[in-house]
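User: Please take a close look at one residue in this model and then work outward from it. I'd like one connected account, with the cut-offs spelled out as you go.

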Amino acid sequence: MSGRAWALLLVLCGTIFLEGSDVAMLAVALPTIRADLGLTTGTAAWVMSGYVLGYAGFTLLGGRAADLLGRRRMFLTWLGVFLVFSVLGGFATDGWMLVVARFVTGVAAAFMTPAAMSIITTSYPEGPQRDKALLVFAGVGAGGFSLGLVIGGLLTELGWRWVFFAPVFLTGAILLAALRLLPAEARPEPAQRGYDLLGAATAAAAMLLLAYGIIRLEHRGEGLGPALGAFAAGLALVATFIAVERRAAAPLVRLGIFRKTAMVRADLAALLFLGAFFGFQFIVTLYLQELRGWSSLQAAIALIAMGCDAVLAPTLTPRLVNRYGNGRVIFGGFLLAIVAYGLFLPVEMDWSYAAMFPSLIIAGVAFALAYGPLTITATDSVTEEEQGLAGGLLYTCTQFGSAVGISAVTAVYGVAASGADGSPGSVLDAYRTALVVPVVMVLLGAAVSAFGLRGARPR
């Protein structure tokens, strides 16, 4: 690739690094924020959930908006919104201000991230060059999350508001560079500028309700009624959305895109893989901090081993893809994930870090092998006019997967711990039970990805 092509990729990777590190830093800082502002447990939970709700609820719409309204325009506009509401979050003095700031920041990420990925898939020719760019993009995003855990711990020591202010400087630098480097694009043709407002409204409402239902599952007993109600309403709106799209002259989502079985399989596999990864990481974090008494910074440094994917994704994975093809590399990633999570199932109260390390490093390698090739497969063979939609579908699945994984392990842990006596041994047993969830998810993901192995060949 030319120097300008690498510079453009660096700017777009800066965006996904920003998105990943932003989430991780807040996760580390939340206990301090809660204590400083006197937030209730429910409000503190919504500070995190608000971001997920905004991201998952609007990613599909964000991806299609990039196709219809212009990728460059959507990227720059929502990157600016991300910057503004990061600043507002840093100045928050009450819980509701933080929840609103995080929700809007999530909506901004829902628009700018699919736009960034679709700029890659339309700026680099299909084949090894685009694959390399997507693998680097995926690796930097995962590395941003892993490094964000450590950076968040350090910034929290200075003051939790720096967790919001620090990303502002990176966002500003990306915005200035993007103004110069993002390629200009022609205005959409009149036929492409038809706006399916009813489809957009029903899609956003359906995604919001389904995401809300998943988040409410974390509350188990008291959250079951609202969760089931949200699921029922969300599914009803999904049916309405499909009916609207079938009749729309310029549909928000061309339903025929779901005939691309490789794309659908990749999206489903990504949902299961991300759900397992974040569910596993969540339980391990609880084990280290709540049961072992490690500080948030100690836990973050321990988990950085999982960030090896930031190095392996752009270096090792392209070579494996070139030799074996995306399908086999994805399947290999799932097999490694099964090993990683399975090795942690017999965790003991006094495990040394050396005993945990194999699971953590293998999980990072698994992520490096699976996630980038899943991104490639989810956008391959999709026309340029629908690359934003393909990216939106992928990120919708990854966000729902993350929410499902964390909610599922939380719910299973709650059920397992409800009949226990609260002793450290019973809490450890509940953690072990919850760890079965990510193992089951990657087993299902391996089964889904195995269907793509037959006939799979490298480019």
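Is Asn 326 buried or exposed? Which residues is Asn 326 in contact with, beyond its neighbours within four places in sequence?

Analyst: Asn 326 counts as buried, at 13% relative accessibility; buried means under 20% relative accessible area, exposed over 50%, and partly exposed in between, with a 1.4 Å probe and protein chains only. Happily, we can place this residue quickly: Asn 326 belongs to helix α12, residues 326-344. Helices here are DSSP runs of H or I with at least four residues, strands are E runs of at least two, and numbering goes from the N terminus. Once neighbours within four places in sequence are set aside, Asn 326 has contacts with Val 321, Pro 373, Ile 376, Thr 377 and Asp 380, a contact being heavy atoms within 4.5 Å.

A word on how to read all this: the model is predicted, so local features need pLDDT of at least 70 and side-chain atom pairs count only at pLDDT 80 or more, while totals for chains, interfaces and linings use all residues. Residues are numbered from 1 along each chain as its sequence is written, and side-chain values use heavy atoms, with hydrogens and water left out.

One of those contacts, Pro 373, falls within helix α13, which spans residues 353-379. That helix also holds Phe 367 and Tyr 371, 4 residues apart and thus separated by about one helical turn. Both of these aromatic residues are buried. Their ring centres are 5.1 Å apart with planes at 40 degrees, so this pair is tilted. The rule used is that rings of Phe, Tyr and Trp (its six-membered ring) pair if their centres lie within 6.5 Å, with planes under 30 degrees apart called stacked, over 60 edge-to-face and the rest tilted. Phe 367 and Tyr 371 are also members of a cluster in which ring pairs link them with Phe 273, Phe 277, Phe 278 and Phe 334.

Across the whole structure, the search finds 17 aromatic pairs. Trp 162 and Phe 165 make an edge-to-face one, at 6.1 Å centre to centre and 85 degrees between the planes. These two sit 3 residues apart, about one turn, in helix α6 (residues 162-181). Trp 162 is partly exposed at 40% relative accessibility, whereas Phe 165 is buried at 18%.

Back to packing between helices: in α15 (residues 424-434), the buried residues are Ser 426, Val 427, Leu 428, Ala 430, Tyr 431 and Ala 434. They pack against α9 (261-291), α14 (387-418) and α16 (436-450). Ser 418, in α14, is exposed at 60% relative accessibility. Its C-alpha atom lies 9.1 Å from that of Ala 430, 12 residues away along the chain.

On the surface, Leu 147, Ile 151, Ile 301 and Ile 304 make a nonpolar patch of about 300 Å². Patches are built from residues with over 30% relative accessible area and no salt bridge, joining like charges within 9 Å and nonpolar side chains (Val, Leu, Ile, Met, Phe, Trp, Tyr) within 5 Å. The areas come from the Shrake-Rupley method with a 1.4 Å probe, and for residues only the protein chains shown count as cover. Ile 304 is partly exposed at 33% and sits in the loop between α10 (296-303) and α11 (309-324).

Next, the charged pairs. With a salt bridge taken as a side-chain nitrogen of Lys or Arg within 4 Å of a carboxyl oxygen of Asp or Glu, the count is 6. One of them joins Asp 22 and Arg 102, at 2.9 Å from N to O. Asp 22 is in helix α1 (residues 3-37) and Arg 102 in helix α4 (residues 95-123), so the bridge ties together parts 80 residues apart in sequence. Asp 22 is buried at 3% relative accessible area, and Arg 102 is buried at 2%.

Elsewhere, Arg 64, Asp 67 and Arg 71 are linked in a salt-bridge network. Asp 67 meets Arg 64 at 3.1 Å and Arg 71 at 2.9 Å. Asp 67 and Arg 64 are 3 residues apart in helix α2 (residues 41-69), about one helical turn. Asp 67 and Arg 64 are both buried, and Arg 71 is buried too.

Finally, the cysteines. There are 0 disulfides, where a disulfide is a pair of cysteine sulfur atoms within 2.5 Å. The sulfur of Cys 13 is 18 Å from its closest cysteine sulfur, in Cys 308, which is too far for a bond. Cys 13 is buried, with 4% relative accessible area, and Cys 308 is buried as well, at 17%.
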